[in-house]
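This report introduces one protein chain to a reader who has not met it before. The sequence and the structure come next, followed by an account of selected sheets, a helix and a surface patch.

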Amino acid sequence: MGIFNSVLRYRFGWLAACLIGLAAPSSGQANDPPSPIIGWEYRWGDSPLDQQGEPVWLREESGWHAIESPSNPPGREGQHTVWLRTVLPEGSWHDPVLHITSINLIGQIYLDNTLIYEHGNVDHPRFIGWPWHLVALPAGFAGKQLSLRIYSDYTSIGLWGDVEVIDRVDAFQKMLQGSVQDLAIGAFSLLLAALAAIFTLIGPERRGFGAVALFAFASGLMLLAETPIRQLVADAPLAWDMVRATSYFTLPIAMGLLLSHWLEGAPKKWIARLWQLHLAYMVTAIGLVHLESINLALTFPIFDALLLITLPCMLLLALFHVRRLQLEQRLLVLSFLLFAPLILADMLVAHGLIAQRDIPLSYAILGFSLAIVAISLWHYRHTQRQLASANQTLEAQVAARTAQLDCLVEQLKGLSIQDALTGLHNRRHFDTLLNQEVSRAQRTGHPLSLLMIDIDHFKKVNDCYGHDVGDAVLVEVAALLRQHFRGSDTVCRLGGEEFVALLPETETVNAEARAQSLMAELRVKPLTYHQKSLGFITLSCGVATYPDHTKDPKKLLKLADEALYKAKNSGRDRCMVCECHPPIHSD
């Protein structure tokens, strides 16, 4: 049978398994269990064909050597072709097939002298992948000679895994059972990769979770690409092997990213160089395979040789200064120490460097994935707690600094509207307050009086006693003004010896009376400076009121200043009231 017929059988394998499984009990006959083929012999070198196109060596008895298993016969010495032969066992099967896990790399299968199966083209060899094979056996095959012509320029040559006669339905069931573990672990690894990718997008530990996601994705994809069930999903062995190779080549990159993220100093730098070397190899190898410049199978030995050097180096670098590492870093290194030897052991078995045995690589991948996820989550939780504590401390510091800043703002605000010498409000505050009181007076219609106050002959005080004494006089007058005008009244220093008092809801008569009272109090108040008598000083005052003197309260300052000017010209030490009156509009 040709390979095309085998492909059709693969496609409908599950349906056939169900139908045969149901039909078998009704026949009253049970299938024999799988029968591993034994009694192998090998012979190196290709065989010339006779005139009928049959290999000559199949009829020769010399040159054949017994071998325990049909994998990697001794004495290869650069040979690319080997012949293997045995005798098929007897048994009772409904649909017997020859089940071979893998052929390295290309092969033909003969039953006696008849070609019954071919994987690739031995005469024009080209790697087409490592699928499993179910070769239909004709009736009466028992006791006949089975011969295989194998070509390989790979490190391994011959048959790999199971070589047995089995009923087709049992073969499918066996492959299904053999796929369950890898499918479950692969799917779980892909789920871990998705979760780690989410943490990569939203979490603070982006590089760490990114490396976890890369490792989990690569390992999960590699396991899925290696499951026997893959050929029932898509019969494209070379494509599956390409996926497996890419995922396999990515593992040391992900491990290097993990270690270089967690470690510090020289180990971090050297491990980064090692994973970058693997990245360069992966890109180069896969690129050359796509360009058909190199055989995919040949990329594995080169990679494995590289891994045989770099992985122990990573182990040693991970152990470098291990006592200085934090707890989570030590746990990661421990997980790496448990996982890396299993990868190396699986690689050595694959190349026949050590005896074939089952390496629990899938469980190792699962364990390592869970370990790094647990460590990363623990570290993430620990980091979040530290951040929360730091945030609380920072919030307390910010609150304290904010309170200090508010205090400073209030101080600055006070300084911006306060006269530094007298402590009274300054001209800036007066301008703002005047606009507010003007608006309120216009809105309510209540009177608003303004007093302009000036110290008489203040220049003489500065000239006779100096500016220090003049400043003391200003402070004393300001204190007197602050005591005299209270409640809603506001006193401001406009500049020099000029002061202004703003009296809301105060009519002209009351404003003038308060000004006269202030002046009378100051006339009898002796001033001293450092226990030295300065005598008495007097004030001049101008009064203007809204609406008695103007309908526009914004003019009060100008009118009160004019009244003050008249008081000064009239001899000082007096209060003058604005004499103007607002015009009366007749209907």
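Val 543 stands opposite Val 577 in S17. These two valines belong to a pair of strands, S16 (residues 539-546) and S17, joined in the parallel sense over three bridges. Strands pair if DSSP finds at least two bridges between them; strands (E, at least two residues) and helices (H or I, at least four) are DSSP runs numbered from the N terminus.

The model is a predicted one, in which local features need pLDDT of at least 70 and side-chain atom pairs count only at pLDDT 80 or more, while totals for chains, interfaces and linings use all residues. Residues are numbered from 1 along each chain as its sequence is written, and side-chain values use heavy atoms, with hydrogens and water left out.

**The mixed sheet**

S16 and S17 are part of an open sheet of five strands, ordered S12-S13-S11-S16-S17, with mixed pairing. Strands S12 (490-495) and S17 (575-577) stand at its edges; each has a single partner strand, so one side of each is left without a neighbour in the sheet. From one strand to the next the twist averages 20 degrees. Helix H14 (residues 508-523) packs on this sheet and touches strand S11 (448-455), strand S13 (498-504), S16 and S17, and its direction makes about 170 degrees with that of S16. Contact here means heavy atoms within 4.5 Å, and angles run from 0 to 180 degrees between N-to-C directions, with axes fitted as lines to C-alpha atoms, for helices over the stretch in contact.

**The antiparallel sheet and helix H3**

A further open sheet has four strands in the order S1-S10-S5-S8, and its pairing is antiparallel. Its edge strands, S1 (35-36) and S8 (133-136), each pair on one side only. Helix H3 lies across strand S5 (96-104), S8 and S10, running at about 130 degrees to S10.

H3 (residues 168-202) also supplies six residues, the largest share, of a nonpolar surface patch. The patch consists of Phe 188, Leu 191, Leu 195, Ile 198, Leu 201, Ile 202 and Leu 370, with about 680 Å² of accessible area together. Such patches join nonpolar side chains (Val, Leu, Ile, Met, Phe, Trp, Tyr) within 5 Å, and like charges within 9 Å, among residues with over 30% relative accessible area and no salt bridge, that is, no Lys or Arg side-chain nitrogen within 4 Å of an Asp or Glu carboxyl oxygen. Ile 198, in helix H3, is partly exposed, with a relative accessible area of 46%.

**Strand S4 and its partners**

Strand S4 (residues 81-87) is largely enclosed by the rest of the structure, because six of its seven residues are buried. Buried means under 20% relative accessible area, exposed over 50%, and partly exposed in between (1.4 Å probe, protein chains only).

The table lists three antiparallel strand pairs, each with one residue pair.

| Strands | Bridges | Facing residues |
|---|---|---|
| S2 (residues 40-44) and S4 | four | Glu 41 and Arg 85 |
| S4 and S9 (residues 145-151) | seven | Leu 84 and Leu 148 |
| S1 and S10 (residues 158-167) | two | Pro 36 and Glu 164 |

**The chain as a whole**

The secondary structure comes to 15 helices and 17 strands. Of the 587 residues, 46% are buried. The chain exposes about 29400 Å², of which carbon and sulfur atoms supply 58%; accessible areas come from the Shrake-Rupley method with a 1.4 Å probe, and for residues only the protein chains shown count as cover.
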